[in-house]
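Me: I'm opening this one for the first time and would like to talk through how it is put together. Can you pull it up?

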Amino acid sequence: MVIFSFTSLILPIPQNVIDYLLDDGTLVVSGSEHINSQTQINNSDSDEEDVQWTDDETTTAVTAPEFPEFNIKVQEAINVLGGCVFPKLNWSAPRDANWIALNSSLQCQSLSDIFLLFKSSDFITHDLTQSFLHCSDDSPDPTINYELVLRKWSELIPGAEFRCFVKENKVIAISQRDYTQHYQHIAKQEASISSSILEFFRDHIQYQFPDEDFVLDVYRDSSGRVWLIDFNPFGEVTDSLLFTWEELTFGKYLTASQTQEDATPQDGPAFRYTTSEVTVQPSPCLSYRIPRDFLDLTTGEDAYKLIDFLKLKKGQQEEEESDEEGEEP
């Protein structure tokens, strides 16, 4: 049985590398020494008049840890895969950290590129520290052998990626994966997209996966061929995209309509996609580009931070009013 998927290589991650990924110290990655030194030279030229430098012998430079053996294995794998790869751990990819890369992409050509993304990703930290957070099983968490998955880089069209929700070995729902954008071709090809995905599932996936409830990510190319991207757990740890987990878990009848108004049950899986430019949304990963405190303030998730912020604003306003009164003749 041949399954169309993307060529990948899997490498076990040594414990010292995991310790480095979990280290909360300064973000320093191998290969960044030249950039840091050049930045310091530029800063000293521009700020020489404002900053008084001292020769403090106790000051130590932060250097990147070296993992020579692991670095060689990773680079060999990258070369075998064509020189550019998409990295991920056992479960997650650092999709929330693409903003920190120079090209704003998850494309990596070296171990230092991978470290930069992994060290900046909350998704990766979750996998390393709380991977079984939403599990209902009361048994102790099993020992995890973490692995680095390197997938041959391919330029995928976001509008051709779909997430399939499988329950009791049946596809119950399909969602546009990049739901933040409107892709006109999805509405025009809805029937053929759904048909090709279901055919791929029946021929290659159904009853072959160890669990009967899971989430499947696929890619449908311009010729109609479906490619397997990844598997995900069936539960809240996985993004439900245009559905809700309440619908997927308890809903008796899933429909293509998000409003559920005047919606009638359908024979095949519910297929949802962004229907117009009006419903376009910002990417949920944008929230990872700003400090968490700012996000808590805008969403109201932390009442104490909001109270402190209002007190600060009130104090600033009182100071300004006091200054204005002092300036009056």
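Me: Let me start with a detail: which residue in β3 is the bridge partner of Ser8?
Reply: Keeping in mind that this is a predicted model, the bridge partner of Ser8 in β3 is Arg151.

Me: And how many bridges join β1 to β3?
Reply: There are five bridges between β1 and β3, and the two strands run antiparallel.

Me: OK, what stands opposite Phe86 in β3?
Reply: Opposite Phe86 there is Arg151 of β3, the residue that also serves as bridge partner to Ser8. Another pair of this kind is Val85, which stands opposite Lys152 in β3. Between β2 and β3, which covers residues 147-152, the pairing is antiparallel and extends over four bridges.

Me: So in what order do the strands come in the sheet?
Reply: The order is β1-β3-β2, in an open sheet of three strands with antiparallel pairing.

Me: Why is one side of β1 and of β2 left without a neighbour?
Reply: β1 (8-12) and β2 (85-88) stand at the edges of the sheet and each has a single partner strand, so one side of each has no neighbour there. From one strand to the next, the twist averages 20°.

Me: Changing topic, which strands does helix α3 lie across?
Reply: Helix α3, made up of residues 68-80, lies across β1, β2 and β3, and runs at about 175° to β1.

Me: And which strands does helix α4 touch?
Reply: Helix α4 (residues 111-119) packs on the sheet and touches β2 and β3, with its direction making about 40° with that of β2.

Technical notes: Residues numbered from 1 in each chain as written. Predicted model: local features only at pLDDT ≥ 70, side-chain atom pairs only at ≥ 80, totals over all residues. Heavy atoms only, no water. Pairing = 2+ DSSP bridges. Axes fitted to C-alpha atoms, helices over the stretch in contact; angles between N-to-C directions. Contact = heavy atoms within 4.5 Å.
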